[in-house]
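Q: Please take a close look at one part of this structure, the salt bridges and the strands and helix around them. I would like a connected account rather than a list.

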Amino acid sequence: MNVMDSISSQIKVEYQFTSDRNGITDKQRKDVSAILDVSARFKIFINDDLYFDQEEFPILEFYKYLYNWKKAMNQSKRAQEFHYYTLEFDEYEDGAILSIIPFGDSARLKSIWAEQ
């Protein structure tokens, strides 16, 4: 499903951690697998319409993808595409779980798990 983002579109992202706040002990704070298990309910609204809603989502893994994308954008003079695959669904055959594809002053938001 594709949604066109224009200057007049409003995009709102909400998340709420679903993992137990005390689920990672001090000893586990350097354990990558424990950190990647931290999950949240993640929603994207476009013009107040729910576009993406995932009950359990590896939020820190997703953040790492976003962080690396932003870093690549800062090092390049042109806009970079963003594609997110979880480790569980790496290179998912139907496409990325969430993609941002820039063109001109706009971008296309695409997801195989889109609600609308």
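A: In this predicted model, a search of the whole structure finds two salt bridges. One of them joins R41 to D53, with the closest N and O atoms 2.7 Å apart. Because R41 belongs to strand β3 and D53 to strand β4 (residues 49-57), this pair ties together parts that lie 12 residues apart in sequence. The two partners fall into separate burial classes: R41 has a relative accessible area of 25% and is partly exposed, whereas D53, at 16%, is buried, the cut-off for buried being under 20%. The other salt bridge links K12 with E14, and there the closest N and O atoms are 3.3 Å apart. Both of these residues are partly exposed, K12 with a relative accessible area of 41% and E14 with 32%. As a general point, side chains of opposite charge can pair when their charged atoms come close.

R41 also leads into the strand pairing, since R41 in β3 is the bridge partner of Q16. Strands β2 (11-17) and β3 (residues 40-46) pair in the antiparallel sense, and seven bridges are found between them. Strand β3 is mostly covered, with five of its seven residues buried, although R41 itself, as noted, is partly exposed.

Between β3 and β4 comes a loop that holds N47 and D48, and both residues have backbone angles worth checking in the model. Phi of N47 is near 50 degrees, a positive value in a residue other than glycine, and phi of D48 is likewise positive, near 65 degrees, again in a residue that is not glycine. In terms of accessibility, N47 is partly exposed, with a relative accessible area of 40%, while D48 reaches 69% and counts as exposed, the class that begins over 50%.

Strand β2 also contributes to the surface, and here helix α2 (residues 59-75) comes into the picture. A nonpolar patch on the surface is formed by Y15, F17, L60, Y63 and Y67, which together have about 570 Å² of accessible area. Strand β2 and helix α2 each supply at least two residues of this patch, and the largest share, three residues, comes from α2. One of the patch residues, Y67, is found in helix α2 and is partly exposed, with a relative accessible area of 48%.

The geometry of α2 can be checked by a simple calculation. Its 17 residues, at 1.5 Å a residue, should span 24 Å, and the end C-alpha atoms are 24 Å apart, so expectation and model agree. The buried residues of this helix are I59, E61 and F62. Seen down the helix axis, the buried residues of α2 fall within an arc of 165 degrees, and therefore they line one face of the helix. On the face turned away from that buried side, α2 carries the exposed residues Y63, K64, N74 and Q75. Y63 thus appears in two descriptions, as an exposed residue on that outward face and as a member of the nonpolar patch.

Notes
Residues numbered from 1 in each chain as written. Predicted model: local features only at pLDDT ≥ 70, side-chain atom pairs only at ≥ 80, totals over all residues. Heavy atoms only, no water. Helix = DSSP H or I, 4+ residues; strand = E, 2+ residues; numbered from the N terminus. Expected span 1.5 Å × (residues − 1). Buried < 20%, exposed > 50% of the residue type's maximum accessible area, 1.4 Å probe, protein only. Arc of directions from axis to C-beta. Patch = residues over 30% accessible without salt bridge, like charges linked within 9 Å, V, L, I, M, F, W, Y side chains within 5 Å. Areas by Shrake-Rupley, 256 points an atom, 1.4 Å probe, with all protein chains shown as cover. Salt bridge = Lys/Arg side-chain N within 4 Å of Asp/Glu carboxyl O. Pairing = 2+ DSSP bridges.
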